[in-house]
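Let's take a walk through this structure together, one region at a time. Have a look at it first, and then we'll start with a pair of helices.

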Amino acid sequence: MAIHSVKIKREACEGCVNCIRTCPTEGIRVIDGEINILSELCIDCGECMRACHRKALGIEEDDWGKIKESQDSAYIADPSFFTQFSHYGDPSALESMMISNNMEVLIDDVEDAFDLSAYATAQLINRTPKASRPLISVYCPAVFRLIQSKFPELLPRILPIFNPLGLAADLWRLRTNSHKPLTLLAPCPAKITVIREPIGRERSPFDHAVTVRKVARSLMAEGEHPDDAPEPKKRSNRWVAWARRGGESRHVQAFSDKKLTILAVSGMRNTLDALQELELGRLRGVDFIECRVCDTGCVGGIGTADSRFLASLRLGNIQSDWEISEEDMQRAEELYTMDFWTVTKEYLPRPGLPLSDNVSDAMLKLQQMKEIYNGLPHIDCGSCGRPSCQAMAEEIVRGHGSVTDCIFKLREGIATLANRIVTLSESQPQTLKKRSGQQ
């Protein structure tokens with residue numbers, strides 16, 4: 001069974017079906033007033049959580065209280081984390097504050113890892129024939145799973161580069177030989193799922209994952225310890241730009257010796273449109289596609305603490321050095337030759353839900369499903385608790401529903417029954433018909 005990090009709070013669900021309308025993979029059902037998520041279809045994009053006004057959906061994360069209390073973990077934070085604080089305009093200043101709160105946050109390794117990822121991307125783009133471009137970023141795990149589910153023919157275009165947050169963890173362990181637990185501060189359920197079911201690797205370098213929101217609010221509540229804070233370091237801060245749409249693209253361009261044609265999109269609808277156009281062959285001439293399912297990028301993740309608009313503004317005010325120095329280039333080249341940045345596990349399509357394990361039985365059910373679907377209204381209203389008439393027909397064939405779950409088919413049945421009752425009410429027994437005629 002596939003893993004996902006969207007948590008259901010059944011006591012809060014009112015069966016409103018808003019969530020099933022927004023799921024891009026039709027992975028949610030609302031039956032008997034209760035929500036159910038099909039783990040095989042869920043991509044952890046968080047769209048259902050945005051649509052749920054009753055907060056019946058949350059993020060399955062590790063216990064932040066226990067992690068913080070143990071003081072035995074090092075932390076790698078998603079770039080979006082550094083945009084959540086109005087009083088810290090520079091990541092190094094926030095790093096100093098976290099150290100004063102007994103939190104070992106790893107930024108030097110993150111900076112190297114993101115430079116390595118951008119350099120490796122530029123190298124692969126330049127080595128790939130134009131006919132096989134554009135290549136697709138793998139930074140957003142929800143985009144990767146979306147491609148697995150709905151656009152599997154695009155999998156060969158996905159870059160074979162391990163996520164830079166995971167590369168940072170690998171770099172830190174190589175540099176320090178430390179076995180200390182590592183905690184990822186993630187902006188969304190998709191990145192939390194990555195530590196349980198990594199992309200391109202058999203095992204994740206992380207031990208725990210908590211949301212950016214949980215940690216940011218905890219630090220805000222604890223306050224500052226300025227007397228204990230070390231002096232902030234001077235860094236390039238290029239990696240922080242990955243939190244916003246276009247940041248990764250700019251970083252890749254900075255490491256390329258050729259002018260690249262890059263498409264950067266954010267938001268589920270735009271991502272679906274871009275992937276569909278790529279599938280149809282309409283994006284010729286594009287070298288690289290950066291997709292984020294969250295609006296504005298990772299700063300818009302459902303697991304962040306602050307407004308995506310304010311976070312994006314703060315990100316624009318962070319001083320970043322986009323001039324690649326000779327030292328930066330040498331460091332990226334050195335790490336690139338180590339060849340630890342590549343994925344070791346093939347990208348495969350995500351298997352759907354089979355109608356049956358037996359081929360002949362599956363073919364029979366497929367024919368039944370088509371017949372049932374042809375009798376449905378085809379308006380995908382969601383009143384049956386399924387996202388579409390097609391999904392409902394499939395559920396019926398699986399034995400998880402009946403045609404009368406459809407409100408329109410139910411009304412038809414009631415109308416037919418009512419007409420039958422009227423006809424029956426006007427009928428007379430045979431023994432009374434003659435007597436009635438004589439009168």
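Before we begin, one bit of vocabulary: an axis here is a line fitted to C-alpha atoms, for helices over the stretch in contact, and angles between N-to-C directions run from 0 to 180 degrees. Keep in mind, too, that what you're looking at is a predicted model.

With that in hand, find helix H5, residues 108–127, and helix H13, residues 326–337. These two pack at an angle of about 75°, and their axes are 9 Å apart. Since angles of 65 to 115 degrees count as roughly perpendicular, that makes H5 roughly perpendicular to H13. Who does the touching? On the H5 side you'll find Asp112, Asp115, Leu116, Tyr119, Ala120, Gln123 and Arg127, and they meet Met329, Arg331, Ala332, Glu333, Leu335 and Tyr336 of H13. Sort the residues of this contact by character and you get 7 nonpolar, 1 polar and 5 charged.

Now zoom out for a moment. The protein chain carries 17 helices and 11 strands. Its C-alpha atoms fill a box of roughly 115 × 55 × 40 Å along the principal axes. Of its 439 residues, 50% are buried. The accessible surface adds up to about 21,500 Å², and carbon and sulfur atoms account for 49% of that. There's also a lot to say about how far apart in sequence the partners sit: take the contacts between residues at least 6 apart, and 77% of them join residues at least 24 apart.

Let's move on to the strands, beginning with a hairpin. Strand E2 (residues 28–31) and strand E3 (residues 34–37) pair in the antiparallel sense over 4 bridges. One of the matched pairs is Ile28 with Ile37 in E3. Just 2 residues lie between the two strands, and in that turn Asp32 has a positive phi of about 55°. E3 also shows two faces: Ile35 and Ile37 are on the covered one, while Glu34 and Asn36 are on the uncovered one.

Next comes an open sheet of 4 strands, in the order E6-E5-E8-E9, with parallel pairing. Which strands stand at the edges? They are E6 (104–105) and E9 (208–211), each with a single partner strand, so one side of each has no neighbour in the sheet. Strand E5, residues 74–77, runs parallel to E6 and is joined to it by 2 bridges; Ala74, for instance, has Glu104 in E6 as its bridge partner. Helix H9 (residues 212–222) packs on this sheet, where it touches E8 (182–186) and E9, and its direction makes about 70° with that of E9.

Our last stop is another open sheet, this one of 3 parallel-paired strands in the order E7-E11-E10. E7 (135–136) and E10 (262–266) are the edge strands, and each pairs on one side only. E10 and E11, residues 288–292, are matched in the parallel sense over 5 bridges, and Ile262 stands opposite Phe288 in E11. Helices pack here too. H10, residues 247–254, lies across E10 and E11 and runs at about 150° to E11. H11, residues 268–279, touches E7, E10 and E11, with a direction that makes about 140° with that of E10.

Methods: Residues numbered from 1 in each chain as written. Predicted model: local features only at pLDDT ≥ 70, side-chain atom pairs only at ≥ 80, totals over all residues. Heavy atoms only, no water. Parallel < 35°, antiparallel > 145°, perpendicular 65-115°, else oblique. Contact = heavy atoms within 4.5 Å. Nonpolar A, V, L, I, M, F, W, Y, C, P; charged D, E, K, R; others polar. Pairing = 2+ DSSP bridges. Buried < 20%, exposed > 50% of the residue type's maximum accessible area, 1.4 Å probe, protein only. Areas by Shrake-Rupley, 256 points an atom, 1.4 Å probe, with all protein chains shown as cover.
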